Amino acid sequence: MATVPNLKAAPFDKDRRIEQLVLDLCTPDLREHALLQLSKKRENFQDLAPLLWNSFGTIAALLQLLQEIVSIYPVLSPPTLNPAQSNTVCNALALLQCVASHPETRMLFLNAHIPLYLYPFLNTTSKSKPVEYLRLTSLGVIGALVKVDDTKVISFLLSTEIIPLCLRTMEMGSELSKTVATFIVLKILLDDVGLEYICTTAERFFAVGRVLGNMVAAQVEQPSPRLLKHIIKCYRRLSDNLRACDALRSCLPDMLRDATFSNYLEDPSTLNWLQQLLHNVQGPRVAAMQAGGFDHMLVK
Ligand code: TRP
């Protein structure tokens, strides 16, 4: 008998608890606990994003938290961030990611220019764990935005100069941040406006090409099939642009032309992307000859 009202009350209680936690974000003493609880529960509560967006003062409180960290970070010398600060900010970023991912709030998130609040975390050079964690979580928010293919998202990000920030992470981040940053650049390239943007000046093209080339070279010492797959897809997409394709004839790393990676490109789709790239850059005849190096892997 008693189970009937309980069953009915359960979802109501859960929603009420979530709503209370969202309100708690605005109270400095309760904020940290609310951040932790909400970021843990966010996967189970589908409409957290609109709730966060529509409750008074919540987004402002999250952004204020980010700004506090940004304002103290540069005055610390050497710049260090303690793990607790980093955790709190990452929980706030997790909630913002939730807003960035939700179809009802994504454009509101962009129109309020919220990605700009994350950029200081991408502009850092420290390799310390707490800073790296912030970098990775911030990239996760941008990654969530570009996951859905929407040219409006790409145009917005291009107008905010996201590419140099991604390139910086691709040069000095952890393997995981490098992978997310390369994924973002890939998603930008896959958009027609993005490809045109990057290939419109030689400086832009070579800035991207140089970083991709360095990452290919680094694969010898630190192999990462997941990262290499994104790198190959980036080159492959660049080869769709005529001028870029021309430039790749001289600047595509030799390691992608010979069989250097044949042993760990076990993923057939990556191999396929590489063959399309070589086909575009070298023409069908050379590509077929080069592909000989991978023949044993294609026969199934
Ligand atoms: N303002 C620079 C530009 O438009 C931004 C930039 C730097 C950039 N490096 C890049 C853009 C590499 C694309 C690719 O050129």
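Which helices each supply at least two residues of the lining of the second largest pocket? In this predicted model, they are α10 (162-172), α11 and α13 (202-218). Helix α13 provides the largest share of that lining, with four residues. The space in the second largest pocket comes to about 220 Å³. Its lining is made up of 14 residues, and those closest to the centre are Lys178, Met215, Ala218, Gln222 and Leu227. Sorted by class, this lining holds five nonpolar, six polar and three charged residues.

The largest pocket encloses about 290 Å³ of space. It is lined by 15 residues, with Gln97, Leu136, Thr137, Gly140 and Val180 closest to its centre. Two or more lining residues come from each of α5, α8 (129-147) and α11 (175-190). The main contributor here is α8, which gives seven residues. Seven nonpolar, six polar and two charged residues form the lining of the largest pocket. Helix α11 thus appears in the linings of the largest pocket and of the second largest pocket.

Attention now turns to the packing of the interior. The largest nonpolar core comprises 89 residues, and within it Leu96 and Leu256 have the most contacts. Helix α5 (residues 83-101) contributes nine residues to this core, the most of any element. Once neighbours within four places in sequence are set aside, the contacts of Leu96 are Ile59, Leu62, Leu63, Leu66, Phe109, Ile114, Leu118 and Val141.

The charged side chains add a further layer to the picture, with eleven salt bridges counted. One of them joins Glu132 and Arg135 at 2.6 Å, N to O. These two residues sit three apart in helix α8, about one turn of the helix, and both are buried. Another salt bridge pairs Asp246 with Arg249 at 2.5 Å, N to O. Asp246 and Arg249 are separated by about one helical turn because they lie three residues apart in helix α15 (residues 242-251). Arg249 has a relative accessible area of 41%, so it counts as partly exposed.

A salt bridge with an N to O distance of 3.8 Å links Arg257 and Asp254. Both belong to helix α16 (residues 254-257), where they are three residues apart, about one turn of the helix. Where do the two partners fall, buried or exposed? Arg257 is buried, at 14% relative accessible area, whereas Asp254 is exposed, at 57%. Finally, Asp192, Arg236, Arg237 and Asp240 are connected in a network of salt bridges.

Key:
Residues are numbered from 1 along each chain as its sequence is written. This is a predicted model: local features need pLDDT of at least 70, side-chain atom pairs count only at pLDDT 80 or more; totals for chains, interfaces and linings use all residues. Side-chain values use heavy atoms; hydrogens and water are left out. A nonpolar core is a set of buried Ala, Val, Leu, Ile, Met, Phe, Trp, Tyr and Cys residues joined through side-chain atoms within 4.5 Å. Buried means under 20% relative accessible area, exposed over 50%, partly exposed in between (1.4 Å probe, protein chains only). Contact means heavy atoms within 4.5 Å. On a 1 Å grid over the protein atoms alone, a cavity is a set of points where a 1.4 Å probe fits but cannot get out, and a pocket is an open set with protein on both sides within 12 Å along at least five of seven lines; lining residues have an atom within 4 Å of a point. Grid points are joined across faces, edges and corners, and a volume is the space filled by probe spheres set on the points. Ala, Val, Leu, Ile, Met, Phe, Trp, Tyr, Cys and Pro count as nonpolar, Asp, Glu, Lys and Arg as charged, and the others, Gly among them, as polar. A salt bridge is a side-chain nitrogen of Lys or Arg within 4 Å of a carboxyl oxygen of Asp or Glu.
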